[in-house]
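Here is a friendly walk through one chain, meant to be read with the structure open beside you. Please keep the viewer handy, and turn to each residue as its name comes up.

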Amino acid sequence: MSLLRAMLVALFLLLVVLQVFSLPGQFAHLAAEEPGAAPWRWPLTALAAFWVLCVQVVVVSTWRLLGLVRDDRIFRPASLPWVDAMIVAIAAGWLVLLGVGGVAVWRGDDPGNALAFLVVLLLGAVVGLLLVVMRGLLRDATLLRADLETVI
């Protein structure tokens with residue numbers, strides 16, 4: 001579990017660097033190289049930063065859930081809001097991707113881009129729905145543990 005926590009810290013730090021330095025720098029470079037793309041610099045930066053924020057919410061929620069596992073408190077109602085936060089973050093990122101990607105595919109002429117968009121969209125939906133199922137299992141296990149504790 002400590003290896004997973006170390007990986008989560010590394011991932012979070014990498015995401016912060018990406019969000020604060022790399023993405024704004026990349027879109028500034030794009031605006032300098034392609035003057036026609038300059039008006040899209042800040043909207044694209046904000047959009048990319050939003051998606052990184054969604055991933056950061058999932059990382060922080062996973063960290064908190066690992067703490068609950070370590071403390072043997074995972075099957076308590078306190079764990080459900082962290083899973084809910086993950087579901088909301090994934091759903092928000094997915095909905096924004098659906099809107100932005102849908103417009104891009106509608107206006108584009110390359111079927112390969114549409115196919116790649118569809119794959120990413122389906123992967124996001126599968127992850128989100130998997131978390132909904134896992135939340136249901138966690139809720140049921142929490143209720144079973146509470147019932148068991150009242151019997152004992």
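In which helix does Thr45 lie? Thr45 belongs to helix α2. Before going further, please keep in mind that this is a predicted model. Its mean pLDDT over the chain is 93, and 100% of the residues reach 70 or more. Among the elements, helix α2 (residues 41-70) has the highest mean pLDDT, 96, while helix α4 (residues 111-151) has the lowest, 92.

**Thr45 and its partners**

Thr45 counts as buried because its relative accessibility is 9%, and the cut-off for buried is under 20%. If you set aside neighbours within four places in sequence, Thr45 is in contact with Leu23, Pro24 and Phe27.

**Trp63 and the arginine over its ring**

Helix α2 also holds Trp63. Where does Arg5 lie relative to Trp63? Arg5 sits over the face of Trp63, at 4.1 Å from the ring centre. Beyond the neighbours within four places in sequence, the contacts of Trp63 are Arg5, Leu8 and Val9. Trp63 and Ala28 are 35 residues apart in sequence, and their C-alpha atoms are 33 Å apart in space. As for rings meeting rings, the structure holds zero aromatic pairs.

**Val96 in helix α3**

Moving along the chain, Val96 is found in helix α3. Val96 and Leu47 are 49 residues apart along the chain, and 8.5 Å separates their C-alpha atoms. Leu47 is one of the residues that Val96 touches, together with Phe50, Trp51 and Gly101, when residues up to four places away in sequence are not counted.

**Two residues in the loop between α2 and α3**

Asp72 has its place in the loop between α2 and α3. What is the phi of Asp72? Phi is near 55 degrees there, a positive value in a residue other than glycine.

Ser79 is in the loop between α2 and α3 (80-107) as well. Is Ser79 buried or exposed? Ser79 is buried, because its relative accessible area is 0%. Leaving out neighbours within four places in sequence, Ser79 is in contact with Leu65, Leu68, Ile74 and Leu138.

**Accessibility at a glance**

The table gathers the residues visited so far.

| Residue | Relative accessible area | Class |
|---|---|---|
| Ser79 | 0% | buried |
| Thr45 | 9% | buried |
| Val96 | 26% | partly exposed |
| Trp63 | 33% | partly exposed |
| Asp72 | 47% | partly exposed |

Why does Asp72 count as partly exposed? Its relative accessible area is 47%, and the partly exposed class lies between the limits of 20% and 50%.

**The largest pocket**

Rolling a probe the size of a water molecule over the atoms shows where empty space is left. Here, the largest pocket holds about 320 Å³ of space. The lining of this pocket counts 13 residues, and those closest to its centre are Cys54, Val55, Ile90, Gly93 and Gly124. Helices α2, α3 and α4 are the elements that give two or more residues to the lining. Which element gives the most to the lining of the largest pocket? That is α3, with five residues.

Technical notes: Residues numbered from 1 in each chain as written. Predicted model: local features only at pLDDT ≥ 70, side-chain atom pairs only at ≥ 80, totals over all residues. Heavy atoms only, no water. Phe/Tyr/Trp six-rings, centres within 6.5 Å; stacked < 30°, edge-to-face > 60°. Lys NZ or Arg CZ within 6 Å of the ring centre and 35° of its normal. pLDDT = per-residue confidence, 0-100. Helix = DSSP H or I, 4+ residues; strand = E, 2+ residues; numbered from the N terminus. Buried < 20%, exposed > 50% of the residue type's maximum accessible area, 1.4 Å probe, protein only. Contact = heavy atoms within 4.5 Å. 1 Å grid on protein atoms, 1.4 Å probe; cavity = no way out; pocket = protein on both sides within 12 Å on 5 of 7 lines; lining within 4 Å. Points joined across faces, edges and corners; volume = space filled by probe spheres on them.
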